[in-house]
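Here is a model to talk through, one charged pair at a time. Have a look at it before the questions start.

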Amino acid sequence: MTSSSFVVKKEKLDPSELDKILLDFCKAHPEGVSGPLLKSSHPDLDLKQCTIRLQKLVSEGKLAIFKKGATNLFKYKELSAAQKNVKFENEIEKAIYDVIADSGKIGIWIKDLRESIGVAQQQCITALKSLKAKELVKEVFPGTGHKRMWMLYDIEPDQQYIADKGGPWVNESTGEFEPKVGEQLMKKTLEFLKKNSSTNHLIILDYLLKEKGII
């Protein structure tokens, strides 16, 4: 009888089913799960699919990733007390929370948030203020002139998105550039130039910085 070679076909599962397997496995190994450990314990699973889902779970804040030497370790992330006892005021608040949760480490702009669930701006702002007060969501500012983003409270944003809050340039409600500030600056600059014909940009900037109620 001749020996035959068999190729073991890796099992591809439904994403939600695989997520449950991965989360349960990480819970059972609080010291962290590496690729080799996962492969040896679940040789039937498709490692490429597992890697994609693990990264997705990290972006959703359900797992944390750490380095031990050159090895990546995935650890289960316990929900905060606030997340475990979520009480939504209404369906709009719950829908907004779910959309923000799906945005992961990138976050979502308020305009995209409103459009995704089809609510008015004031309804969205009210729900966001409520979720923020419960420490379920937070604001992240990509930098001056950029859009303010919203993400889950316990998620650490991607470093490339962290910057200042935009100061007076950003409208507190919408996260967008505030045109009135630009108009004020233009008005004050023209007034200064009328009185000071011999000047330069550094002198003008110094004047604007000292002028109260502008910057």
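What follows is a short back-and-forth on salt bridges and burial in this predicted model.

Q: How many salt bridges does the structure hold?
A: Seven salt bridges turn up in the structure.

Q: What makes D24 and K20 a salt bridge?
A: Their side chains come to 2.9 Å, N to O. The cut-off for a Lys or Arg nitrogen and an Asp or Glu carboxyl oxygen is within 4 Å, so the pair qualifies.

Q: Why are D24 and K20 said to be about one helical turn apart?
A: Because they sit four residues apart in helix α1 (residues 15–28).

Q: Why is K20 called exposed, while D24 is called partly exposed?
A: Exposed means over 50% relative accessible area, and K20 has 53%, so K20 makes the cut. D24 has 35%, which lies between the 20% and 50% limits, so partly exposed is the right label for D24.

Q: How do you know that E89 and K134 form a salt bridge?
A: The closest N and O atoms of E89 and K134 are 3.4 Å apart. That is within 4 Å, so this pair counts too.

Q: What does the E89 and K134 pair tie together?
A: E89 lies in the loop between α4 (81–84) and α5 (91–102), and K134 in the loop between α7 (121–133) and β4 (137–140), so the pair ties together parts that are 45 residues apart in sequence. There's a network here as well: salt bridges link E89, E93 and K134.

Q: Are E89 and K134 exposed or partly exposed?
A: E89 has a relative accessible area of 56%, and over 50% means exposed, so E89 is exposed. K134, with 25%, falls between the 20% and 50% limits and is therefore partly exposed.

Q: What makes D98 and K94 a salt bridge, and where do they lie?
A: The N to O distance between their side chains is 3.0 Å. Within 4 Å is what the term asks for, so D98 and K94 pass. Both lie in helix α5, four residues apart, about one turn of the helix. D98 is partly exposed at 31%, and K94 is partly exposed at 34%.

Q: Why is R114 called buried?
A: Buried means under 20% relative accessible area, and R114 has 18%, so the label fits. R114 is in helix α6 (residues 110–117).

Q: Which residues does R114 touch, leaving aside those up to four places away in sequence?
A: R114 touches V119, A120, Q121 and C124.

Notes:
Residues numbered from 1 in each chain as written. Predicted model: local features only at pLDDT ≥ 70, side-chain atom pairs only at ≥ 80, totals over all residues. Heavy atoms only, no water. Helix = DSSP H or I, 4+ residues; strand = E, 2+ residues; numbered from the N terminus. Buried < 20%, exposed > 50% of the residue type's maximum accessible area, 1.4 Å probe, protein only. Contact = heavy atoms within 4.5 Å.
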